[in-house]
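Trainee: Got a minute to go through this one with me? I'd like to start with strands and then move to charges.

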Amino acid sequence: MLSDDDILAAVRRGLGAPGADDAAFPAAGAHITRHLLLAGEIVRCVETRTEGTAFHAGTRDLSDLPEYDDLDRYPVPPPADPGAARSTLRLVRRGSVAAHACSTCTNGRKPCARCRGAGDVACRTHVPCAGCEGRLCCLACEGTGKRAREAADRPQGETASRVRCRKCGADDAACGKCRGAGRKKCGVCGGTASRPCPDCAGGGTVSHDFCAGTGRYVEWTEGVVVREPVVDTVEESSDLPARAFAWTNEADAWNRVDHVGEDAFPPDDTDTGSGPGTRTDLTEATDLTQDTDLAEVAARLKPRLGFRDGEVARRVRVRYLSLARVTHDDHPDRVYVVIPGRPAPRVVTVRSPRRAWRLAALALLVLVAVVAVSRLLT
């Protein structure tokens with residue numbers, strides 16, 4: 001954490017004044033407040049256990065599945081990575097496996113419902129002629145065998161030649177495909193009025209769906225353990241606007257917390273010194289109270305760290321950075337934000353609330369003046 005002197009020196013450098021020139025930004029009149037940026041995530045591995053009856057058509061070897069006596073007490077090791085993708089573990093309750101012969105079929109076959117076991121179904125003996133479709137099959141007798149008083153006109157656009165009608169004998173009057181009959185024998189049944197059942201292909205029986213045609217099935221009590229990650233995103237700016245995160249970058253002195261375990265904040269930690277800031281593995285040891293920023297991180301995360309139903313593991317991975325907000329009586333229109341970094345802190349200058357209100361009031365005044373002038377001109 002930067003000292004007050006380091007913070008004021010950083011602001012002086014930001015103003016372009018020498019670091020030793022206290023007169024450029026004197027300590028008297030300066031007001032320093034510290035604010036913590038906190039971002040990251042808490043990932044929990046949440047487990048659900050359910051039990052129910054499982055079914056398999058046919059035979060099945062279940063020896064590859066783990067057995068259990070009490071699903072709630074069956075031990076499953078916690079995952080190495082709480083954020084791993086959803087996983088499912090299936091188990092078999094000891095002594096629950098039962099193989100059965102199917103009692104509603106014969107060796108996996110059952111009578112066909114469509115033909116009722118007969119193997120064939122009714123069919124039309126004749127179908128309309130594909131050439132004339134039963135209409136104008138003969139221009140002289142229309143398929144009746146008795147010539148009409150006036151012959152029908154040829155169909156508009158017809159190009160096929162007409163033949164002698166087999167019913168009335170008229171020349172050049174009948175459809176060439178049916179010769180005046182208007183229909184032809186069914187090509188499927190050959191005019192017998194019966195055809196093989198399409199569902200059972202004439203066999204009279206079909207495969208029994210329930211047992212998949214095997215004549216057997218297996219039932220057992222199955223336990224299912226499902227684990228999936230639940231992510232709680234953390235992003236807090238401690239009395240600074242949300243855009244404060246945009247003022248920072250990866251080169252700043254972020255400190256990191258990375259801990260996997262049931263206790264998110266054990267009594268001690270160790271600084272491993274990685275990255276531009278430091279990396280803290282909370283599974284190691286130093287007194288938390290020695291780092292006031294880390295103590296504040298722990299206090300902020302505490303409301304989020306209650307255990308959820310079914311939680312079996314968690315990972316806390318956050319980063320934090322302490323910023324200094326500086327105002328000065330001699331600079332009422334500016335706020336200086338000092339961001340720790342290497343080799344030296346950076347300073348971001350923003351408008352003070354007072355300056356923002358003044359600009360807003362000025363803009364409103366200009367708008368009122370424009371409206372007033374426009375009304376006078378009209």
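Mentor: We'll take strand pairing, then salt bridges, then surface patches. Keep in mind that this is a predicted model.

Trainee: Fine. Which strands does β11 pair with, and in what sense?

Mentor: Take β1 to start. It joins β11 through 20 bridges, and the two run antiparallel. Strand β3 also pairs with β11 in the antiparallel sense, over six bridges. Then there is strand β4, residues 98-101, joined to β11 by four bridges, again antiparallel.

Trainee: I want some register marks. What is the bridge partner of Ala 39 in β11?

Mentor: Glu 235.

Trainee: And which residue in β11 stands opposite Leu 89?

Mentor: Val 225. For β4, use Ala 99, whose bridge partner in β11 is Val 218.

Trainee: Let's switch strands. Is β12 mostly covered or not?

Mentor: Mostly covered. Strand β12 spans residues 255-260, and five of its six residues are buried.

Trainee: How many bridges join β12 to β15?

Mentor: Six, and the strands run antiparallel. Strand β15 covers residues 311-328. For a register mark, Val 257 stands opposite Val 318 in β15.

Trainee: On to charges. How many salt bridges does a search of the whole structure find?

Mentor: It finds 24. Start with Glu 47. Its side chain meets that of Arg 227 in a salt bridge, 2.7 Å from N to O.

Trainee: Where do Glu 47 and Arg 227 lie?

Mentor: Glu 47 lies in strand β1, residues 30-57, and Arg 227 in strand β11, residues 216-236. They are 180 residues apart in sequence, so the pair ties together distant stretches of numbering.

Trainee: Are those two buried or exposed?

Mentor: Glu 47 is buried, at 12% relative accessible area. Arg 227 is buried too, at 9%. Both values fall under the 20% cut-off for buried.

Trainee: Does Glu 47 have company besides that? I mean, which other salt bridge involves it?

Mentor: Glu 47 also forms a salt bridge with Arg 49, with the closest N and O atoms 2.7 Å apart. Arg 49 is partly exposed, with a relative accessible area of 23%.

Trainee: Back to Arg 227. How far is its C-alpha from that of Thr 48?

Mentor: The separation is 6.6 Å. Along the chain, Arg 227 and Thr 48 are 179 residues apart.

Trainee: What about Arg 90? Which residue does it bridge to?

Mentor: Glu 222, with the closest N and O atoms 3.4 Å apart. That pair links distant parts of the chain: Arg 90 sits in strand β3, residues 87-93, and Glu 222 in strand β11, 132 residues apart.

Trainee: How covered are they?

Mentor: Arg 90 is partly exposed at 42% relative accessibility. Glu 222 is buried, with a relative accessible area of 15%.

Trainee: Which residues are linked in a network of salt bridges?

Mentor: Asp 232, Glu 236, Glu 296, Arg 300 and Arg 304.

Trainee: Now the surface. Which residues gather in a patch of positive charge?

Mentor: Arg 166, Lys 167, Arg 179 and Arg 183. Lys 167 is in the loop between β7, residues 126-128, and β8, residues 183-185. Lys 167 is partly exposed, at 43% relative accessible area.

Trainee: And which residues make the nonpolar patch?

Mentor: Leu 364, Leu 367, Val 368 and Val 371 form it. Together they have about 360 Å² of accessible area.

Trainee: Where is Val 371?

Mentor: In helix α3, residues 353-377. Val 371 is partly exposed, with a relative accessible area of 37%.

Trainee: Last one. Where does Arg 109 lie?

Mentor: Strand β5, residues 109-111. Arg 109 counts as partly exposed, at 38% relative accessibility. Its C-alpha and that of Thr 205 are separated by 6.1 Å, though the two residues are 96 apart along the chain.

Trainee: So what should I keep in mind about β11?

Mentor: Its links to β1. Strands β1 and β11 share 20 bridges, and Glu 47 and Arg 227 add a salt bridge between side chains.

Conventions. Residues are numbered from 1 along each chain as its sequence is written. This is a predicted model: local features need pLDDT of at least 70, side-chain atom pairs count only at pLDDT 80 or more; totals for chains, interfaces and linings use all residues. Side-chain values use heavy atoms; hydrogens and water are left out. Buried means under 20% relative accessible area, exposed over 50%, partly exposed in between (1.4 Å probe, protein chains only). Two strands pair if DSSP finds at least two bridges between them. A salt bridge is a side-chain nitrogen of Lys or Arg within 4 Å of a carboxyl oxygen of Asp or Glu. Patches are made of residues with over 30% relative accessible area and no salt bridge: like charges are joined within 9 Å, nonpolar side chains (Val, Leu, Ile, Met, Phe, Trp, Tyr) within 5 Å. Accessible areas come from the Shrake-Rupley method with a 1.4 Å probe; for residues, only the protein chains shown count as cover. Lys and Arg count as positive and Asp and Glu as negative; His and the chain ends are not counted. The place of a charge is taken as NZ of Lys, CZ of Arg, CG of Asp or CD of Glu.
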